Amino acid sequence: MSARSARAERMARFAAEVDWSRVTSPYHAQRYGPEVLEQLWAPDHSTAEGALVDLHHASCGDGSSVLAAAAEVLPFLVEAARDPAVTVRTEIMETVTEVARAGNAALTARADPVLEGRWRPTVAPAWPTAWERAVDPLLPLLDDDDPDVRAAAVTVLAQAAHRADELTARFRDRFGNEQNPRVAETLVLAVGELARHTVERREEALAWLRQRMTVEEGEEPDIDEDVDAWLEWMEKPRHDVRLQAVAALRRALPDRPDPAHARITADTLLASPPLVAGSFERYRSWPVDVIVDADRQLGDDLPGRLALARGLLRHDGAGQRGAGLRVAASLMSRWRSAVPELLPAVAEFTDDPHPDHRASALRVLAMCGTAARPWADRAAARLTEDEEPHEPARRYAVWALSRMGDERCVAPLARLLTVRGSGFGPWPPSPSGRGWDKDDLNFPEALAPFTAHTDTLLGPLLARIGAAPTSERGAYHGIIGRWHRDGASVVPRLLELLESPDPDEVLTAAHALSRTGPRAIAADHRARLRELLGPPEFWADSARIDPFRLRLLTGDDEPVLALLRSPEESGYPELSAGADDGARIRACIALGPLAAPAADLLRGLFQEALRGGPEHRSDASKDVVRRARALWRVTGDAGEVLPDLLELTGRSAQKGCRTPGGVQALRLLAEVAATRPPVVERVARQLHATAEERLGRGNRSDAMEIVRSLWELTRDPRQVVPALNRLVRICPPPGRAHPTVLEPLELLAEVAAADPESVAPVTPALRALLDADERPVAHDHWRAVMEDDALCAAVRAVLDAAATGAEEGTGEGAA
């Protein structure tokens, strides 16, 4: 049969045997047809891979559910995986594995407690039958010539829980004849996966896995007596799968940890890997990723993992010692008690002959922050090129001292500010940028502790700002703003720069000064700054000074007022001509009563937004709130906006409005209501009810904003503490998307200072966070200790505020 005929036959079968109305993308309206399956046979690998991606999404979306398309296309995915002409056979089986895993997981998935049972993964009704029928056609792939295909077949069949007894026996038989080490390892892991579901052969499977925790070398024949026997012995499969056997048993018996697992794992990793079948060489050391993964398999066994880490750190092999540093970092990122246990041994590596080990050790010291201060001298001894020729080690020495708050890093930081490609970024890493393979060095966090040294650091920082891309300058301006808030004297130096003949230096100083607070500090430089005036921008243009920034710096209202006037009247025709409604509204909010001539304009814009239209699709849109705020600021009359805000927020609550504008409307309502005591109680009830509704839906962001407004309006702990208690329990730890648990803790500290007794229901849970050994943050990344320290500091702030308030109350009572 020609290739064209084979293609035509497949297309006909695909068209007739697949209900294509079910094969759709879960993310958009796209429907697929027979060609998406036929493309799996494309000789061009990228075409076949693209078709598989489409089929993957149609079958399980993001991997959390099994969609209707999965059962429709599964028989043909299996057919393609069996055809040697297909170039994406292993990728097809990886897709089938992911769909099967999603199906298995959905059967035992618990409802998300935050969403109160409103969502859980689902499985299309036709999937279980289709999956049962797919197993037999997949079995021949266990004997495929390609070891990658064999390994993929083992992995996908390990998901066939309904055939667990039969498959465990088949996998064990296959293991005895398997020549490829990776396939052998996969077979062991698969037996562990299926042993959870076996009925008749469960004990056999577990016993077999326990046998695999030893290496069956057998007696080596004497090569001088019988060369053929020795060669046969050499070729006999004797795979060292001890690590995989431990992982498989932990998977099969998750609730029955065995102390032998840690011992065997340590014995395996601390010894040189045994002879591999068919090879005349031994590996010099285990790969780092194998060691780290094996350590991770020990799970909650802290004593076993500590023993392994100590053994690795003392090992003769450089590879094992390097892996030991990673394992030690992993343990310290998870358990607080691991720091005093392992950090002294890690600190010894700062003098190691291997430069990568020195760099890794210094990075671990940096990770531990203030806990590493006893070893600050070791880091300080690695700051210069004469002392440390390895540039990454010098960089981490600076970072470590900065994290410890040790001023010996100030001069090196000043130098690094002037170096392009210093390794330090302009921003702290985002949550998605965490991990052992990510670098978290950044100037904002490195420079933050050194407010007392701005005389050394400010000049180099200003030079870096001048040379930096415009997209990075805001980060550096923020450093100056933080120094100012912490008490540093940065304003005089910046004011001096405003007299510079270089416009770039003036702009750098002006943008930095704008981060030091909303007050006119550069009034004497008004004329100079006006020369650099530009139109208002949503994002600050580092090449100009917009009217709002000029007003902040100098108190000069005229350019902002010009946005409300005609070009002929304003004195700044370019600003006036380019002003739109957004700029005018922003000007009114900034100017307040000074913008009184624009009150009628604002009333019209406010009513226009209330009526809605194509540009105002939501009753609680941001436009409504922004215009209401401007009108209130200009007139000072709550009656101008209060009735409409009450109606608007009430109507939005009835509709279950979830737009950002809905929360902003409530926040503005609370702000306005504070000036009208008769409506405070009514607005407080509305805020409280909306906060409860948002918490019920797991909407932490909205709930946090509303609870903050409720506290600002009422100052009544009874209104907010229960909600804050729930937010502390459901908000993610530091380092995640806002709001993290730090935000409700910060507000709790404020409440505790006002009424210490009100936070009593929360304090037991907070003390438990401090007393826990396992850090209540995400583990296994360089910033875990930093984030845990931030969490502990926030918790202590609440407890200290409560304790201080209680003591003051006792003192007043005694007086």
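## Thr-649 and the nonpolar cores

The side chain of Thr-649 comes within 3.3 Å of the backbone oxygen of Leu-646. Keep in mind that this is a predicted model. Thr-649 sits in helix α35, which covers residues 642–655, and a second backbone oxygen, that of Leu-645, is 2.8 Å from a polar atom of the Thr-649 side chain. Here are the two polar contacts side by side:

| Side chain | Backbone oxygen | Distance |
|---|---|---|
| Thr-649 | Leu-645 | 2.8 Å |
| Thr-649 | Leu-646 | 3.3 Å |

Is Thr-649 buried or exposed? Its relative accessible area is just 5%, so Thr-649 counts as buried, the cut-off being under 20%. Setting aside neighbours within four places in sequence, Thr-649 touches Ala-665, Leu-666, Leu-669 and Gln-686.

Now for the chain as a whole. It has 42 helices and zero strands, and 51% of its 815 residues count as buried. Take the contacts between residues at least 6 apart in sequence: 65% of them join residues at least 24 apart. On the outside, the chain exposes about 37,900 Å², with carbon and sulfur atoms supplying 50% of that.

And the inside? The largest nonpolar core holds 178 residues, and Met-332, Leu-413 and Leu-745 are the ones touching the most other members. Helix α42 (residues 784–814) gives this core its largest share, 10 residues. There's also a second, separate core of 78 residues, with Phe-14, Met-93, Ala-151 and Ala-164 among them.

Back to Leu-413: leaving out residues up to four places away in sequence, Leu-413 touches Val-398, Phe-424, Phe-443, Ala-446, Leu-447, Phe-450 and Leu-457.

Conventions:
Residues numbered from 1 in each chain as written. Predicted model: local features only at pLDDT ≥ 70, side-chain atom pairs only at ≥ 80, totals over all residues. Heavy atoms only, no water. Core = buried A, V, L, I, M, F, W, Y, C linked by side-chain atoms within 4.5 Å. Buried < 20%, exposed > 50% of the residue type's maximum accessible area, 1.4 Å probe, protein only. Helix = DSSP H or I, 4+ residues; strand = E, 2+ residues; numbered from the N terminus. Contact = heavy atoms within 4.5 Å. Polar contact = N/O pair within 3.5 Å; in protein donor to acceptor, adjacent residues only side chain to side chain. Areas by Shrake-Rupley, 256 points an atom, 1.4 Å probe, with all protein chains shown as cover.
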